[in-house]
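Here's a quick tour for anyone opening this one up for the first time. Let's look at how some of its helices sit against each other.

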Amino acid sequence: MEVLRLQQQLIELTNSLFQEGFLDDQFTQIQMLQDEGNPDFVQEVVGLFAEDSERILSELTKALEMEPVDFKKVDAYVHQFKGSSSSIGAQRVKAVCVDFRAYAETENKEGCLQALQQIKQEFFAVKSKLEALLQLEQQILAAGGSVPMME
């Protein structure tokens, strides 16, 4: 009974992440690569994404605090962040990166600072939702169930 309730919660959470635009089909592709031979694959990918993203956000913050701002460096960091967001399927983070790069290209510091706040907000939101998803998966496995595959 407990397993069924957890599985239903997982399905609902996963569906809401797609409906709210946090994730796209790329995340489904990552989930499909997980199997018995690599049971922690999604968790490892999400962990690397989080670590990498936090490092890039820190570098971006520093780059925007410099005077004068090196907008080419800012753009390079945002490009890197967009790539890692795309590779995990973090759709809303990726969308903010597109706007952010436009501000960097026009050397609009104010726009860049606003985009940095927005990107941090979207990143920490998707990170917390992914952590909740992975935690649910762990609870299902600990209760002796299997993680349902999404369509």
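To talk about packing, we need axes: these are lines fitted to C-alpha atoms, for helices over the stretch in contact, and the angles run from 0 to 180 degrees between N-to-C directions. Helices here are DSSP runs (H or I, at least four residues), numbered from the N terminus. The model is predicted, so local features need pLDDT of at least 70 and side-chain atom pairs count only at pLDDT 80 or more, while totals for chains, interfaces and linings use all residues. Residues are numbered from 1 along each chain as its sequence is written, and side-chain values use heavy atoms, leaving out hydrogens and water.

Two helix pairs involve α6, as the table shows.

| Helix pair | Angle | Axis distance |
|---|---|---|
| α5 (residues 91-105) and α6 | about 170° | 9 Å |
| α1 and α6 | about 160° | 9 Å |

That 170° angle makes α5 roughly antiparallel to α6 (angles over 145 degrees count that way). α5 also passes α6 in a left-handed crossing, where the near helix is turned anticlockwise from the far one by less than a right angle. Residues of α5 including Val 93, Cys 97 and Phe 100 take part in the contact (heavy atoms within 4.5 Å), and on the α6 side the participants include Cys 112, Leu 116 and Phe 123.

Now for the other pair. With its angle of about 160°, α1 is roughly antiparallel to α6 as well. Among the residues touching here are Leu 6, Leu 10 and Leu 17 from α1, plus Ala 132, Leu 136 and Ile 140 from α6. The crossing of α1 and α6 is left-handed.

Which residues of α2 are buried? In this helix (residues 25-32), they are Phe 27, Thr 28, Ile 30 and Gln 31, buried meaning under 20% relative accessible area and exposed over 50% (1.4 Å probe, protein chains only). Looking down the axis of α2, they fall within an arc of 160°, so they line one face of the helix; the arc is that of the directions from the helix axis to the C-beta atoms. Over on the other side, Asp 25 and Met 32 are exposed. The cover for that buried face includes α1 (2-19), α3 (41-65), α4 (71-88) and α6 (109-142). At the N-terminal end of α2, Asp 24 acts as a cap, with a side-chain oxygen 3.0 Å from the backbone nitrogen of Gln 26.

Finally, helix α4 holds Lys 72, which is exposed with a relative accessible area of 71%. Its C-alpha atom is 9.8 Å from that of Arg 101, and the two are 29 residues apart along the chain.

How values were computed:
Helices (H or I, at least four residues) and strands (E, at least two) are DSSP runs, numbered from the N terminus. A polar contact is a pair of N or O atoms within 3.5 Å; within protein, one must be able to donate a hydrogen and the other to accept it, and residues adjacent in sequence count only if both atoms are side-chain atoms. Angles under 35 degrees count as roughly parallel, over 145 as roughly antiparallel, 65 to 115 as roughly perpendicular and the rest as oblique.
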